[in-house]
Amino acid sequence: MCKEGKQKVKIVLGPASQELGEKISQLTSIPIVPVASKMFPDGESYIRIEGNMQDEHVAIVQTTCAPQDSRLMQLAFMAAAAKRNKARKVTAVVPYLAYARQDKSFLPGENVSIETVAHMLKAAGVDALVTVNIHAESALKKFPFPAKTLSAIPLLAEYFTKKGIKKAFALAPDKGAMYIAEQAQSVLQGEAGHLEKQRDRYTGQTSQTGKGLNVKGQTVIIFDDIISTGGTIVGAAKILRELGVAHVYTACVHGLLIGDAEKRILDAGVEEIVSTDSVPSHVSKVSLAPLIAKALKALKSG
Ligand code: R5P
């Protein structure tokens, strides 16, 4: 951990991203301000920022994977505490941004949840946001302050090239994720393509087809922003098997891996699951630290 110094930027180490925050501090030499946190017996969150923030630009590193609502409240409390203690500016660095998938009112009566989160963060004192592979970039327009998303896809693709897997086919599970497959393709130097996926908005059930894909005998890596229940990857792997692929791997930025998702994916013939540490787990084989460090170095010089 770097010691607190007289620099313009400080990292406030959110309780949900301690390890990642420390790695970022080491890469940037931005000092850390620790945070004490606990949960009261009734489930309410408590935080206390343990350091001086007066006139500093603080970058609060806090992911918002499960328990999402507590993580979001902690983030809001840290931002408000930073401002109460005279921080000059607060940037929320949120590797996995909860509620980003509800970026529209898909059915009458629904909320645009990410917009509510954005305004809640603004009210708490957040002035800017940095996230990683937000589900849809258009959601950033809902934020009443500058918000940007970084892409971890090249880092994930490099994981495979470092393993010796070159010229693999980069597959997106749906057309909307094709930009992800293209980013991976530029590292893997193979082909890229996508499946077609439909979702029933009432039941959440999805169906996929692999029409027009020629992947016979190839090594295919399925890239997605999120793996949640694993249904999308299991469905894609089934189609790939039918199309006669040689090997299937999968990589995602945010490995939520709910319930038995990992087992179902491996049982479907996927040889390895790789994710980043936006959601820390044993499949977090790629760290976001270098990517976020680069973004924070820009804050430092700004
Ligand atoms: C949705 O469009 C996302 O990009 C992911 O494909 C989705 O969240 C994955 O969910 P699951 O693992 O439950 O299929």
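The following exercises, each with a worked solution, concern a predicted model of a protein with a bound ligand.

**Exercise 1. The surroundings of the ligand**

Task: Determine which residues come nearest to the ligand, and which elements supply the shell around the ligand.

Solution.
Step 1. Begin with the residues themselves. There are 13 residues around the ligand, and those that come nearest are Asp224, Asp225, Ser228, Thr229 and Thr232.
Step 2. Turn to the secondary structure. At least two residues of the shell come from strand S13 (219–227), and at least two come from helix H6 (231–242). Strand S13 gives the most, namely four residues.
Step 3. Sort the shell by class. It contains six polar residues, five charged residues and two nonpolar residues.
Step 4. Locate the site. The ligand sits in the largest pocket.

**Exercise 2. Polar atoms beside the ligand**

Task: State how far Asp225, Ser228 and Thr229 are from an oxygen atom of the ligand, and decide whether a side chain or the backbone is involved in each case.

Solution.
Step 1. For Asp225, the side chain is involved: one of its N or O atoms is 2.5 Å from an oxygen atom of the ligand.
Step 2. For Ser228, the backbone is involved: a backbone N or O atom lies 2.8 Å from a ligand oxygen atom.
Step 3. For Thr229, a polar side-chain atom is found 2.5 Å from an oxygen atom of the ligand.
Step 4. Compare each distance with the cut-off. A polar contact requires a pair of N or O atoms within 3.5 Å. The value of 2.5 Å for Asp225 meets this condition, as do the 2.8 Å for Ser228 and the 2.5 Å for Thr229.
Step 5. Consider the cover of the ligand. On its own the ligand has 380 Å² of accessible area, and the protein covers 88% of this.

**Exercise 3. Backbone geometry in the loops**

Task: Describe the backbone at Pro67, Lys167 and Gln189, and place each residue in the chain.

Solution.
Step 1. Examine Pro67. The peptide bond that leads from Ala66 to Pro67 is cis, and its omega is near 0 degrees. Pro67 belongs to the loop between strand S5 (57–61) and helix H2 (68–84).
Step 2. Examine Lys167. Its phi is positive, at about 55 degrees, although the residue is not a glycine. The loop that holds Lys167 runs between helix H4 (153–162) and strand S9 (169–172).
Step 3. Examine Gln189. This residue, also other than glycine, has a positive phi near 65 degrees. Gln189 is placed in the loop between helix H5 (178–188) and strand S10 (192–194).

**Exercise 4. Buried or exposed?**

Task: Classify Lys167, Thr161 and Gln18 as buried, partly exposed or exposed.

Solution.
Step 1. Recall the limits: buried means under 20% relative accessible area, exposed means over 50%, and partly exposed lies in between.
Step 2. Lys167 has a relative accessible area of 57%, so it is exposed.
Step 3. Thr161 has a relative accessible area of 15% and is therefore buried. Thr161 lies in helix H4, and a polar atom of its side chain is 3.0 Å from the backbone oxygen of Glu158.
Step 4. Gln18 has a relative accessibility of 34% and therefore counts as partly exposed. Gln18 is part of helix H1 (residues 18–28).

**Exercise 5. Separation in sequence and in space**

Task: For Val220 and Ala168, Tyr249 and Ala170, Ala152 and Asp55, and Gln18 and Gln189, give the separation along the chain and the distance between C-alpha atoms.

Solution.
Step 1. Val220 and Ala168 are 52 residues apart in sequence, and their C-alpha atoms are 5.6 Å apart. Val220 belongs to strand S13 and is buried, with a relative accessible area of 0%.
Step 2. Tyr249 and Ala170 are 79 residues apart in sequence, with 9.8 Å from C-alpha to C-alpha. Tyr249 lies in strand S14 (residues 247–255) and is buried at a relative accessible area of 11%.
Step 3. Ala152 and Asp55 are 97 residues apart along the chain, and 32 Å separates their C-alpha atoms. Ala152 is in the loop between strand S8 (147–150) and H4, and at 0% relative accessibility it counts as buried.
Step 4. Gln18 and Gln189 are 171 residues apart in sequence and 35 Å apart in space, C-alpha to C-alpha.

Note on methods
Residues numbered from 1 in each chain as written. Predicted model: local features only at pLDDT ≥ 70, side-chain atom pairs only at ≥ 80, totals over all residues. Heavy atoms only, no water. Near = heavy atom within 4 Å. Polar contact = N/O pair within 3.5 Å; in protein donor to acceptor, adjacent residues only side chain to side chain. Areas by Shrake-Rupley, 256 points an atom, 1.4 Å probe, with all protein chains shown as cover. 1 Å grid on protein atoms, 1.4 Å probe; cavity = no way out; pocket = protein on both sides within 12 Å on 5 of 7 lines; lining within 4 Å. Sits in = over half its atoms within 2 Å of the grid points. Nonpolar A, V, L, I, M, F, W, Y, C, P; charged D, E, K, R; others polar. Buried < 20%, exposed > 50% of the residue type's maximum accessible area, 1.4 Å probe, protein only.
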